[in-house]
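Dear colleague,

I am handing over the structure we spoke about, and I would be glad if you read the notes below with it open beside you.

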Amino acid sequence: MKIFHKRPVLLEFAYATTRVCLSPFRRWLKSGGFIEAVFVRGEKITKGIFFDCKMCGDCVLHSTGMTCPMTCPKNLRNGPCGGVRANGHCEIVPEMMCVWVMAWERSKKMPAYGAQIENILPPLDKRLENSSAWINDFRDDVKTSPLGWTE
Ligand code: SF4
(Lines give C-alpha, C1' and ligand atoms only; values in the text may rest on other atoms or scores of the structure.)
Protein backbone atom coordinates (compact mmCIF):
# COMPACT_ATOMS: atom_id res chain seq x y z
CA MET A 1 0.00 0.00 0.00
CA LYS A 2 3.07 2.24 -0.08
CA ILE A 3 2.05 3.63 -3.44
CA PHE A 4 -1.08 5.12 -1.88
CA HIS A 5 0.72 6.53 1.12
CA LYS A 6 3.23 8.19 -1.17
CA ARG A 7 0.34 9.64 -3.15
CA PRO A 8 -2.22 10.69 -0.56
CA VAL A 9 -4.08 12.53 -3.28
CA LEU A 10 -5.32 9.12 -4.44
CA LEU A 11 -6.66 8.34 -0.98
CA GLU A 12 -8.19 11.79 -0.78
CA PHE A 13 -9.91 11.18 -4.11
CA ALA A 14 -11.17 7.78 -2.91
CA TYR A 15 -12.56 9.40 0.23
CA ALA A 16 -14.31 12.19 -1.66
CA THR A 17 -15.71 9.76 -4.24
CA THR A 18 -17.01 7.37 -1.59
CA ARG A 19 -18.71 10.26 0.20
CA VAL A 20 -20.43 11.44 -2.98
CA CYS A 21 -21.52 7.89 -3.85
CA LEU A 22 -22.97 7.22 -0.38
CA SER A 23 -24.75 10.55 -0.04
CA PRO A 24 -27.90 9.59 -1.99
CA PHE A 25 -28.36 6.61 0.35
CA ARG A 26 -27.94 8.50 3.61
CA ARG A 27 -31.55 7.97 4.68
CA TRP A 28 -30.90 4.20 4.80
CA LEU A 29 -27.63 4.51 6.64
CA LYS A 30 -28.76 3.76 10.18
CA SER A 31 -26.98 2.39 13.21
CA GLY A 32 -27.59 -0.92 14.83
CA GLY A 33 -28.89 -3.05 11.97
CA PHE A 34 -27.75 -5.28 9.17
CA ILE A 35 -26.53 -2.36 7.07
CA GLU A 36 -24.26 -1.15 9.82
CA ALA A 37 -22.94 -4.67 10.35
CA VAL A 38 -21.98 -4.77 6.66
CA PHE A 39 -20.33 -1.37 6.88
CA VAL A 40 -18.41 -2.29 10.02
CA ARG A 41 -17.09 -5.44 8.35
CA GLY A 42 -16.17 -3.50 5.21
CA GLU A 43 -14.47 -0.69 7.09
CA LYS A 44 -12.51 -3.11 9.24
CA ILE A 45 -11.14 -4.81 6.15
CA THR A 46 -10.55 -1.88 3.81
CA LYS A 47 -9.46 0.79 6.26
CA GLY A 48 -7.57 -1.85 8.20
CA ILE A 49 -5.51 -2.61 5.10
CA PHE A 50 -4.95 0.99 4.03
CA PHE A 51 -4.76 2.83 7.34
CA ASP A 52 -4.36 0.26 10.13
CA CYS A 53 -7.77 1.54 11.27
CA LYS A 54 -8.61 1.06 14.96
CA MET A 55 -12.39 1.49 14.39
CA CYS A 56 -12.75 4.61 16.52
CA GLY A 57 -16.10 5.32 14.83
CA ASP A 58 -15.30 8.97 14.20
CA CYS A 59 -13.08 9.01 11.15
CA VAL A 60 -10.94 12.08 10.65
CA LEU A 61 -8.59 10.74 7.99
CA HIS A 62 -9.35 13.55 5.55
CA SER A 63 -8.32 16.05 8.25
CA THR A 64 -5.13 14.24 9.12
CA GLY A 65 -3.38 13.73 5.82
CA MET A 66 -5.16 10.38 5.30
CA THR A 67 -3.08 9.15 8.23
CA CYS A 68 -4.95 7.50 11.09
CA PRO A 69 -4.28 9.40 14.32
CA MET A 70 -5.37 6.39 16.36
CA THR A 71 -2.18 4.62 15.27
CA CYS A 72 -0.27 7.14 17.38
CA PRO A 73 0.71 5.22 20.55
CA LYS A 74 -0.83 8.07 22.55
CA ASN A 75 -3.91 8.28 20.28
CA LEU A 76 -3.31 12.00 19.81
CA ARG A 77 -5.82 13.55 17.41
CA ASN A 78 -4.59 17.13 17.44
CA GLY A 79 -0.95 17.07 16.54
CA PRO A 80 2.18 15.51 17.97
CA CYS A 81 3.29 15.34 21.59
CA GLY A 82 6.50 16.97 22.67
CA GLY A 83 8.46 13.78 22.30
CA VAL A 84 9.04 13.57 18.57
CA ARG A 85 12.64 12.60 17.97
CA ALA A 86 15.00 14.71 15.88
CA ASN A 87 14.67 12.19 13.05
CA GLY A 88 10.87 12.51 13.12
CA HIS A 89 10.33 9.19 14.88
CA CYS A 90 8.06 8.38 17.81
CA GLU A 91 9.38 8.58 21.37
CA ILE A 92 7.34 5.52 22.42
CA VAL A 93 8.11 3.34 19.38
CA PRO A 94 11.50 4.55 18.13
CA GLU A 95 11.41 2.56 14.91
CA MET A 96 8.12 4.16 13.91
CA MET A 97 7.80 7.51 12.14
CA CYS A 98 5.65 9.94 14.12
CA VAL A 99 2.09 9.70 12.84
CA TRP A 100 1.82 13.47 12.92
CA VAL A 101 5.00 14.04 10.96
CA MET A 102 3.53 11.82 8.24
CA ALA A 103 0.12 13.50 8.54
CA TRP A 104 1.66 16.92 8.06
CA GLU A 105 3.72 15.89 5.05
CA ARG A 106 0.81 14.09 3.41
CA SER A 107 -1.59 16.95 4.01
CA LYS A 108 0.62 19.16 1.91
CA LYS A 109 -0.06 16.82 -1.01
CA MET A 110 -3.85 16.91 -0.64
CA PRO A 111 -5.40 19.77 -2.60
CA ALA A 112 -8.98 19.34 -1.39
CA TYR A 113 -8.72 18.52 2.30
CA GLY A 114 -5.08 19.18 3.15
CA ALA A 115 -5.74 22.51 4.88
CA GLN A 116 -8.04 20.78 7.37
CA ILE A 117 -5.03 19.60 9.33
CA GLU A 118 -4.95 23.08 10.85
CA ASN A 119 -8.44 22.62 12.35
CA ILE A 120 -8.72 21.59 15.99
CA LEU A 121 -10.66 18.36 16.28
CA PRO A 122 -13.14 17.79 19.12
CA PRO A 123 -12.44 15.08 21.70
CA LEU A 124 -13.22 11.55 20.57
CA ASP A 125 -16.53 10.10 21.72
CA LYS A 126 -15.47 6.63 22.90
CA ARG A 127 -19.06 5.41 22.71
CA LEU A 128 -18.66 5.30 18.93
CA GLU A 129 -15.88 2.73 19.10
CA ASN A 130 -16.42 -0.26 16.76
CA SER A 131 -19.36 1.38 15.02
CA SER A 132 -19.38 2.43 11.38
CA ALA A 133 -17.62 5.75 10.90
CA TRP A 134 -19.31 6.20 7.53
CA ILE A 135 -22.77 5.75 8.99
CA ASN A 136 -21.92 8.03 11.91
CA ASP A 137 -20.72 10.60 9.43
CA PHE A 138 -24.12 10.68 7.76
CA ARG A 139 -26.23 10.48 10.91
CA ASP A 140 -27.63 13.82 12.04
CA ASP A 141 -28.25 12.57 15.57
CA VAL A 142 -24.64 11.67 16.29
CA LYS A 143 -22.95 14.47 18.10
CA THR A 144 -19.32 13.62 18.34
CA SER A 145 -18.53 16.86 20.13
CA PRO A 146 -19.32 17.05 23.84
CA LEU A 147 -21.73 19.69 25.05
CA GLY A 148 -20.00 23.01 25.43
CA TRP A 149 -17.33 22.22 22.83
CA THR A 150 -16.65 25.12 20.51
CA GLU A 151 -14.21 25.07 17.65
S1 SF4 B 1 -9.68 7.85 12.39
FE2 SF4 B 1 -10.88 6.21 13.39
S3 SF4 B 1 -12.21 5.35 11.78
FE4 SF4 B 1 -10.63 6.61 10.75
S5 SF4 B 1 -9.01 5.14 10.19
FE6 SF4 B 1 -8.49 5.96 12.23
S7 SF4 B 1 -9.39 4.56 13.76
FE8 SF4 B 1 -10.31 4.14 11.74
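What follows is a short account of what was found, taken region by region.

Please bear in mind throughout that this is a predicted model.

I begin with the ligand, which is surrounded by 13 residues, the closest being C53, C56, C59, C68 and M70. By character this shell consists of 11 nonpolar and 2 charged residues, with no polar ones.

Two residues may catch your eye in the backbone geometry, and both belong to the loop between helix 3 and helix 4, where M55 and M66 are placed. M55 has a phi near 55°, a positive value in a residue other than glycine, and M66, although not a glycine either, has a positive phi of about 55°. As for their surroundings, M55 has 17 other C-beta atoms within 10 Å and is therefore classed as partly exposed, whereas M66 has 27 other C-beta atoms within 10 Å and so counts as buried.

The largest nonpolar core holds 19 residues, and the members that touch the most others within it are L61, V99, W100 and A103. Helix 4, which covers residues 99-107, contributes the largest share of this core, with 4 residues. In soluble globular proteins, nonpolar side chains tend to be buried together. If residues up to four places away in sequence are left aside, W100 touches C72, G79 and P80.

Helix 2 spans residues 8-22, and its 15 residues reach 21 Å from the first C-alpha to the last, close to the 21 Å expected at 1.5 Å a residue. Which of its residues are buried? In helix 2 these are P8, L11 and E12. Viewed down the axis of helix 2, the buried residues fall within an arc of 105°, and therefore they line one face of the helix. On the other side of helix 2, the residues T17, V20 and C21 are exposed.

Finally, I35 is part of helix 3, which runs over residues 34-51. With 15 other C-beta atoms within 10 Å, I35 is partly exposed, and its contacts, not counting residues up to four places away in sequence, are with W28, L29 and K30. I35 and G82 are separated by 47 residues in sequence and lie 41 Å apart in space, C-alpha to C-alpha.

With best wishes

Note on methods: Residues are numbered from 1 along each chain as its sequence is written. This is a predicted model: local features need pLDDT of at least 70, side-chain atom pairs count only at pLDDT 80 or more; totals for chains, interfaces and linings use all residues. A residue is near a molecule or strand if its C-beta atom, placed from the backbone, lies within 6 Å of it. Ala, Val, Leu, Ile, Met, Phe, Trp, Tyr, Cys and Pro count as nonpolar, Asp, Glu, Lys and Arg as charged, and the others, Gly among them, as polar. The expected span of a helix is 1.5 Å times one less than its number of residues. A residue is buried if 20 or more other C-beta atoms lie within 10 Å of its own, exposed if 12 or fewer, and partly exposed in between; C-beta atoms are placed from the backbone. The arc is that of the directions from the helix axis to the C-beta atoms. A nonpolar core is a set of buried Ala, Val, Leu, Ile, Met, Phe, Trp, Tyr and Cys residues joined through C-beta atoms within 7 Å. Two residues are in contact if their C-beta atoms, placed from the backbone, lie within 7 Å.
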